[in-house]
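Please take me on a walk through this structure, stop by stop. Tell me what to select and what I will find there.

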Amino acid sequence: MDKRRRYMGWMVMVATFCLLFAGVRAEAQAGNPQVRAARMSFLQGTVNVDHIDNTGSDPAQINMPLPQGVRVSTGQDGQAEIEFEDGSVVRLTPNSSLELTRLTTDVNGNLTTNLTLDNGLMYAELRAADKFAYSIAAGAVQVLPVVNAIVRIDMDKPPAVVSVLDGTAPVDGGSASGEGYKTNVNAGETLTGDVSDPGRYQLTQQVAMNSWDKWNDDRDAAAASETADQTDVRDGYAGEAGYGWSDLDANGSWYNVPGQGDVWQPNVAMDASFDTYGYGSWVWYPGMGYVWASGYNWGWTPFRCGNWSYWDGFGWGWLPGNGCGYAGWGFGPGYGYGGGGGYVINV
């Protein structure tokens with residue numbers, strides 16, 4: 001009974017906290033019902049997120065939501081991966097800085113993502129399907145990857161060096177002004193701009209090896225390993241969403257609970273001491289208030305939609321519910337407090 005009372009008390013505390021921010025969330029929802037956020041899906045070493053208003057920065061956290069306008073910067077030992085709604089990712093090596101310049105959704109549900117690489121070396125693996133448009137500005141050039149392109153952009157010093165590892169990436173070197181160029185860079189090719197003449201560039205049919213290529217390949221292998229465990233349960237909930245779902249199949253199991261439907265339970269929940277909010281922290285999201293950034297590597301999707309619940313003899317589990325597709329980030333029933341909190345069954 002003491003354990004059950006502790007869970008009940010914990011739920012009351014979370015619900016009280018959430019009510020403090022209900023007004024802020026309601027206002028944000030009325031103004032922009034599809035506010036977007038990228039996900040900090042991996043980090044190592046020193047990684048900071050600069051405030052939108054340039055008033056300072058905070059240390060990055062795994063599963064931190066990244067809104068439009070923030071800048072992610074890596075230190076000398078820093079590495080970061082940012083994931084978007086369709087599963088596309090960008091990866092930053094040490095001493096790199098990337099701004100999420102634009103994250104918007106139009107009335108038809110089309111998502112536009114504009115990124116700006118200020119300096120450093122990045123890898124971009126972008127699906128760029130019909131509903132998901134991407135562009136990356138790097139100095140004087142703009143890279144516009146098409147479907148399933150993998151691009152490496154080196155901005156350690158101008159001009160940008162654009163290498164396409166897979167797919168095709170149109171590159172615009174300021175053609176709108178009439179002095180630049182626009183050309184396609186295909187897999188196995190590298191484009192280097194001309195610092196002295198913005199209308200010129202060099203295109204070579206080779207991609208020089210970089211010492212960080214293996215790191216990017218290793219991250220791909222880790223993602224592929226998780227995808228290999230994928231079940232078909234997500235099909236009924238995720239829609240076109242790609243981020244966060246593979247984490248679930250790789251780190252837990254789905255159960256059909258009578259009267260409840262599909263319930264996902266993380267492997268760590270088998271430990272009697274598991275606490276859904278025992279690992280992570282609250283972070284401030286502009287225009288919305290505090291939201292929860294779970295420290296678990298799988299802790300993105302289960303804390304932005306659905307409900308956490310506790311069953312006697314089973315433990316904690318997560319019910320997806322509705323609103324877990326890519327367009328439902330954050331302003332469905334209660335992102336930031338377990339997607340609607342949770343409840344105790346059979347107490």
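Select Asp218. Is this residue buried or exposed, or something in between? Asp218 counts as partly exposed, because its relative accessibility is 39% and the partly exposed class lies between the 20% and 50% cut-offs. Keep in mind that you are looking at a predicted model.

Now add Lys214 to the selection. The side chains of Asp218 and Lys214 meet in a salt bridge, at 3.1 Å from N to O. Both residues sit in helix α3, residues 213-227. They are 4 residues apart, so about one helical turn separates them. Lys214 is exposed, because its relative accessible area is 55% and the exposed class starts over 50%.

Next, pick out a group. Select Glu81, Arg91, Glu125, Arg219 and Asp220 together. A network of salt bridges links these five residues. The structure as a whole holds 13 salt bridges.

**A link between distant parts**

Go to Glu85 and Arg36. How far apart are the closest N and O atoms of this salt bridge? They are 2.8 Å apart. The pair links distant parts of the chain, with the two positions 49 residues apart in numbering terms: they are 49 residues apart. Glu85 is in the loop between β6 (79-83) and β7. Arg36 is in the loop between α2 (22-31) and β1 (38-44). Check the surface here: Glu85 is buried, and Arg36 is buried too.

**Another salt bridge**

Select Asp194 and Arg200. Their side chains form a salt bridge, with 3.8 Å from N to O. Asp194 is partly exposed, with a relative accessible area of 28%. Arg200 is exposed, at 52%.

**Strands β12, β13 and β16**

Colour β12 (149-155) and β13 (161-166). These two strands run antiparallel, joined by 5 bridges. They form a hairpin, with 5 residues between them. Which residue of β13 stands opposite Ile153? Select Val162 to see the partner.

Now bring in β16, residues 189-193. β13 pairs with β16 in the antiparallel sense, over 4 bridges. For a reference point, select Ser163, which stands opposite Thr190 in β16. While you have strands on screen, follow the side chains: in a regular strand they alternate between the two faces of the sheet.

**A cis peptide bond**

Stay with the hairpin and select Pro158 and Pro159. The peptide bond from Pro158 to Pro159 is cis, with omega near 0°. Where is Pro159? Pro159 is found in the loop between β12 and β13.

**Two asparagines with positive phi**

Move to Asn148. Its phi is positive, about 55°, although Asn148 is not a glycine. Asn148 is found in the loop between β11 (141-143) and β12. Its relative accessible area is 46%, so Asn148 is partly exposed.

Finish at Asn95. What is the phi of Asn95? Asn95 has a positive phi of about 60°, and Asn95 is not a glycine either. Asn95 lies in the loop between β7 (89-92) and β8 (97-105). Asn95 counts as partly exposed, because its relative accessibility is 42%.

Definitions and conventions: Residues numbered from 1 in each chain as written. Predicted model: local features only at pLDDT ≥ 70, side-chain atom pairs only at ≥ 80, totals over all residues. Heavy atoms only, no water. Buried < 20%, exposed > 50% of the residue type's maximum accessible area, 1.4 Å probe, protein only. Salt bridge = Lys/Arg side-chain N within 4 Å of Asp/Glu carboxyl O. Pairing = 2+ DSSP bridges.
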